[in-house]
Amino acid sequence: MLLLKPGLRLYKTALDRAAQEALRDELRGLLREAPLFRPAMPRSGKPFSVRMSNCGPFGWVSDLSGYRYQARHPETGRPWPAMPGSLLALWRALAECDLAPDACLINFYDEQSRMGPHQDRDEADFSAPILSVSLGDSCLFRHGGDSRRDPSASLRLDSGDVLVFGGPARLMFHGVDRILPKSSTLLDPPGRINLTLRRAK
Ligand code: MD3
Ligand code: FE
């Protein structure tokens, strides 16, 4: 484990190749039940370059009316599929939190996708950490401080890496500057999947 700064822990290759393949295969089935959708920015309606889905009791969605957690897929109207047991086990092993996660956002990035700097503050309680799992192509991840103006640093995240953001890192600004195309053979079609386990409610 690498402590990058207070509250920000990096577990390099927490998932080995076999565990990455097993999770990939589980996600394939899950995304048939809850297909990726393309969210839009509140007010402007500008589409995200990332596509999303969720699993667990609640899912994060964004549309013209705002950001929120809700229990159903915005396009199918069905409840989100259950969170895979392997993800719950990862949370129990690494999150250092007694509460279970009740939401898992699934982001899919193609070669062109980005995520601009933002804070995650739609959760009811910031005492629980957020745990992120990277699969597929590597990315350059940017993390800063609690203000948009604070200096930031860039970090390469590779398939199988897990990051835990808690305590003083829970409200830091972060984003994805770019995907490194063809850096992994895990996913077909190629791209990057990021899973973020959260305590939403
Ligand atoms: C730091 N996702 O879904 S994961 C997001 O790679 C998001 O898809 C990025 O930012 C991705 O909201 C980054 C790392 C991450 C996730 C949540 C955080 C970092 C965080 C919440 C608080 C602080
Ligand atoms: Fe985020």
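**Exercise 1. Which residues does serine 134 touch, not counting residues up to four places away in sequence?**

*Solution.* Serine 134 touches Leu157, Asp158, Ser159, Gly160, Asp161, Arg192, Ile193 and Asn194, where contact means heavy atoms within 4.5 Å. The model is predicted: local features need pLDDT of at least 70, side-chain atom pairs count only at pLDDT 80 or more, and totals for chains, interfaces and linings use all residues. Side-chain values use heavy atoms, with hydrogens and water left out; residues are numbered from 1 along each chain as its sequence is written, and chains are lettered from A and ligands numbered from 1 in the order in which they are written.

Next, place the residue. Serine 134 is in strand β8; helices (H or I, at least four residues) and strands (E, at least two) are DSSP runs, numbered from the N terminus. Serine 134 counts as buried because its relative accessibility is 1%, the classes being buried under 20% relative accessible area, exposed over 50% and partly exposed in between (1.4 Å probe, protein chains only). Finally, serine 134 and leucine 163 lie 29 residues apart in sequence, and their C-alpha atoms are 8.6 Å apart in space.

**Exercise 2. Identify the members of the largest nonpolar core that touch the most other members.**

*Solution.* A nonpolar core is a set of buried Ala, Val, Leu, Ile, Met, Phe, Trp, Tyr and Cys residues joined through side-chain atoms within 4.5 Å. The largest one has 28 residues, and Leu131, Val133 and Leu195 touch the most other members. Two or more residues each come from α1 (17-33), α2 (85-94), β6 (103-109), β8 (130-136), β11 (162-165) and β13 (192-198). Apart from this core lies another, of 26 residues, including Phe48, Ala103, Phe165 and Val176.

Take valine 133 in detail. Leaving out residues up to four places away in sequence, valine 133 touches Leu15, Leu23, Leu87, Leu90, Asp161, Val162, Ile193, Asn194 and Leu195. As background, nonpolar side chains tend to be buried together in soluble globular proteins.

**Exercise 3. Which residues coordinate the iron ion (ligand 2)?**

*Solution.* Donors are N, O and S atoms within 2.8 Å of the metal (3.2 Å for Na, K and Ca); water is not among the atoms, so sites may look incomplete. The iron ion (ligand 2) is coordinated at 2.0 to 2.3 Å by His118 (NE2), Asp120 (OD) and His174 (NE2). The sequence spacing of these donor residues is H-x1-D-x53-H.

Then compare accessibility with the cut-offs. Histidine 118 has 21% relative accessibility and therefore counts as partly exposed. Aspartate 120, with a relative accessible area of 9%, is buried.

**Exercise 4. Describe the largest pocket and the second largest pocket by volume and lining.**

*Solution.* On a 1 Å grid over the protein atoms alone, a pocket is an open set of points where a 1.4 Å probe fits, with protein on both sides within 12 Å along at least five of seven lines; lining residues have an atom within 4 Å of a point. Grid points are joined across faces, edges and corners, and a volume is the space filled by probe spheres set on the points.

The largest pocket holds about 810 Å³ of space. Of its 39 lining residues, Phe48, Met115, Gly116, His118 and Asp120 lie nearest its centre. At least two lining residues each come from β6, β7 (115-118), β8, β11, β12 (174-179) and β13. The lining has 19 nonpolar, ten polar and ten charged residues; Ala, Val, Leu, Ile, Met, Phe, Trp, Tyr, Cys and Pro count as nonpolar, Asp, Glu, Lys and Arg as charged, and the others, Gly among them, as polar.

The second largest pocket holds about 220 Å³. Its lining includes Arg24, Leu27, Arg28, Leu31, Asp188 and Pro189, and α1 gives the most, with four residues. By class there are eight nonpolar, no polar and four charged residues.

**Exercise 5. Where are aspartate 188 and proline 189 joined by a cis peptide bond, and which loops hold arginine 43 and lysine 182?**

*Solution.* The cis bond joins aspartate 188 and proline 189, with omega about 5°; proline 189 is in the loop between β12 and β13. Lysine 182 lies in the loop between β12 and β13 and has a positive phi of about 60° although it is not a glycine. Arginine 43, also not a glycine, has a positive phi of about 70° and is found in the loop between α1 and β3 (51-55). Arginine 43 is exposed, with a relative accessible area of 79%.
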